[in-house]
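Colleague: Could you walk me through this model and show me how each label is earned? I am new to this, so please go step by step.

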2 protein chains.
Amino acid sequence: MSDSNRPLLVAPGPVEIPEVALKAFGSDIIHHRTPEFTKSLVSARKLLKKTINTDREVYMFCSTGSGAMEAAVVNFLNPGEQSLVVVSGKFGQRWADMLKIYGANVDLILLENGDSLSLDQLQDKLKSKQYHSVFCQMCETSTGAYHPVEQMGPLIKEHQKDCLFIVDGITGLLTKELDLEACKIDVMIAGSQKAFMLPSGMSFLWMSELAEKKCEIATCPRYYWDLRKEKKAIQKDQTAFSSAVNLVFALEAALKYILEKGLDQHFAEIRWRANTCREMLKALGLQVLAKNPAPALTAICMPENIDGKVLRQKIEDDCRIVFMGGQDELSGKIIRIGHIGDLSREEYLHALKTFASEYMSFTGAYTDDQQQQILSGIIS
Amino acid sequence: MSDSNRPLLVAPGPVEIPEVALKAFGSDIIHHRTPEFTKSLVSARKLLKKTINTDREVYMFCSTGSGAMEAAVVNFLNPGEQSLVVVSGKFGQRWADMLKIYGANVDLILLENGDSLSLDQLQDKLKSKQYHSVFCQMCETSTGAYHPVEQMGPLIKEHQKDCLFIVDGITGLLTKELDLEACKIDVMIAGSQKAFMLPSGMSFLWMSELAEKKCEIATCPRYYWDLRKEKKAIQKDQTAFSSAVNLVFALEAALKYILEKGLDQHFAEIRWRANTCREMLKALGLQVLAKNPAPALTAICMPENIDGKVLRQKIEDDCRIVFMGGQDELSGKIIRIGHIGDLSREEYLHALKTFASEYMSFTGAYTDDQQQQILSGIIS
């Protein structure tokens, strides 16, 4: 953070960006059809495969994460096909909305806010009907719920071997170790401004061999998102459309930064933040919304008499720390604390301590002794 | 240019970026749902309207220009409708390809490379059949040809008043004065990395009242590009999806920079570059590909014995100036010199002089006297 008045980002994305990536992002412009850029693009693609531990190609789009969601629909869908969608919040609903728009018949597994999918629910559906595709979030960002993607893929394939398993990993990918092929995932998408620690504006898509075959013959209309076009460009070490040059530079820098620290260390740090945050909430007597919370964030239920929106804004204004509130019907009812991004332990503990201290003074329900005890618990 | 070894960009985009915009682009990340960002977003939107001289909204997408092209198709098309497309190069062909993919019946006005549309050709088509939409480039970037968009709109409306006139202004908008409403344009799109002098990654769309009405009821599937969704977000001073935060900062800075200098001055500079470039070509005995060349760029025909690709690469390697070559079947046959971006007259003349000098020594067909004469003609 070079600007000391700028708020610290402790949200589920965008997140704090490593200095090296920010520098690369702000570097002078060069043309995307030059050998200099090609070198960076090829290097970034190689690092990307290494970071998510795959030999298969990782596709990049110049778009936000929702663009990659649309790409994951239009590249694999034949209108009229049957899809199953896990809806556990705003982003699950987005899959369902998109699929309907593009002509899929959609069955939902509709979950309460904070719930994660149970494998029994999935199995029941898979036994009842033939599906062409199953759509799910790895982590539902609006509630912080983690879905068991590691077990879902094998279960889907056991019942319906040609059914595609399509996962939105926008706030999930790179927050914990994951073997895409072992998990029998067919399509995984991600966004730059999350665990990749980059500015918004780039999204990613990985596909299995099965998905790639289906992509070749899918009948949904597509142009900007057409992976077949992008595949041809990759073979020439280019992007199909103009490249987001500086984002590619930043991607290269951020991935180098992550790999140099080590993936184990990267995941361990996110785990440490999540645990420390949840310990604090326990001490405060606050409840986590998600029953099986994701590594990337914790959504905290506000007691009925507390307006989370007012508290969050107060913390932002007075203490210059940006957490996030709830979206749509969860507005005011939850506060979301992120565990991703380039933050030191000291910065992270400062953020948690600030939250606890502001929360306690906002409610007025804690004695001085309790306050001291809770705060010293966080620092130690 | 802070890096002295970085090539000077004299291409039809990406282009040289003003220092203030580059600085804003590389500034520290903040969250896109904060009052700080909202302030910048609202300001950028206001400046954008002022810059392209409109009271109507200008929509932004996080995408390259081709994304805005797709948005201009899917928001206004009912599959099965009849479209007319002016194809005078690679980007006209892109309109045709997209439209076919999304289910339009497409008639083409197919022009030779370098040709611009004649109003008679258009009139003949409009008399022969009812069209739902006419698609055209303002400037066909692959050949440098300018189409008479100022006269096309009135002609289209005279014959078919409900027919939409949809213009790709990616390399055209903001290179000359243009009154969108007077030109009876219904949809105009643009891209950040062209005359807006920004990095790649953002695109723009403007629509008329008629287009907005059609957008509400069009039946093409759309989600990421859905302007109705974006309209609702604008009413809340937000973007529908995550905002490309730093690009919005840079947009605000670049537009302020342009407006402070003055739009007249901005256009005059582009005109001066185009004229100076074309004078030089005349002195060299070289032919411009476009019969009616656009303000943004000049495509130069290479004599048969000269490989433009080799010459262009040589200039890039030896002299660190990036012009562009030809695309697809024009590869090697043309070199394209851009007239947009943040360049001083000194830098621009240096680029032209370098081109002339390298070209002359490459061909070996000019006497010392001729060389001196031509070079001194450029400098004066």
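Modeller: Happily; we will take the symmetry, the interface, the core and the cysteines in turn, and please keep in mind that this is a predicted model.

Colleague: Why is the relation between chain A and chain B called a two-fold axis?

Modeller: Look at the superposition: a turn of 180° with a shift of 0.0 Å along the axis lays chain B on chain A, and the RMSD is 0.0 Å. That is the relation of a two-fold axis. In chain B, the residue whose C-alpha comes closest to that axis is G26(B), at 1.9 Å.

Colleague: How do you know that the same surface serves both copies?

Modeller: Of the contact residues of chain B, 100% recur in chain A. The contact involves 53 residues of chain B and 53 residues of chain A.

Colleague: How much area do chain B and chain A bury between them, and which three residues of chain B supply the most?

Modeller: The two chains bury about 4300 Å² between them, and 65% of it is on carbon and sulfur atoms. D28(B), I29(B) and Y223(B) supply 17% of the area that chain B buries against chain A, more than any other three residues.

Colleague: What makes R320(A) and E36(B) a salt bridge?

Modeller: Their closest N and O atoms are 2.9 Å apart, and the cut-off is 4 Å, so the pair qualifies. Across this interface the rule finds four salt bridges. There are also 16 residue pairs in polar contact across the interface.

Colleague: Which residues have the most contacts inside the largest nonpolar core?

Modeller: That core has 221 residues, and the ones with the most contacts inside it are L178(A), F196(A), L205(A), L178(B), F196(B) and L205(B). To picture one of them, L178(A) touches residues including M138(A), Y146(A), L173(A), I185(A) and M188(A). A second, separate core has 30 residues, among them L311(B), L352(B), F355(B) and M360(B).

Colleague: Why is C136(B) called buried?

Modeller: The relative accessible area of C136(B) is 0%, and buried means under 20%, so the word fits. C220(B), at 4%, is buried as well.

Colleague: How do you know that C136(B) has no disulfide bond to C139(B)?

Modeller: The sulfur of C139(B) is the closest cysteine sulfur to that of C136(B), yet the two are 10 Å apart, too far for a bond. A disulfide needs sulfur atoms within 2.5 Å, so this pair fails. C220(B) is in no disulfide either, with the nearest cysteine sulfur, that of C220(A), 11 Å away. Searching the whole structure gives zero disulfides over all chains.

Methods. Residues numbered from 1 in each chain as written. Chains lettered and ligands numbered in written order. Predicted model: local features only at pLDDT ≥ 70, side-chain atom pairs only at ≥ 80, totals over all residues. Heavy atoms only, no water. Buried < 20%, exposed > 50% of the residue type's maximum accessible area, 1.4 Å probe, protein only. Core = buried A, V, L, I, M, F, W, Y, C linked by side-chain atoms within 4.5 Å. Contact = heavy atoms within 4.5 Å. Least-squares fit on C-alpha atoms with pLDDT ≥ 70 in both. Buried area = accessible area lost by both parts, 1.4 Å probe. Salt bridge = Lys/Arg side-chain N within 4 Å of Asp/Glu carboxyl O. Polar contact = N/O pair within 3.5 Å; in protein donor to acceptor, adjacent residues only side chain to side chain. Lists of a residue's contacts leave out its neighbours within four places in sequence.
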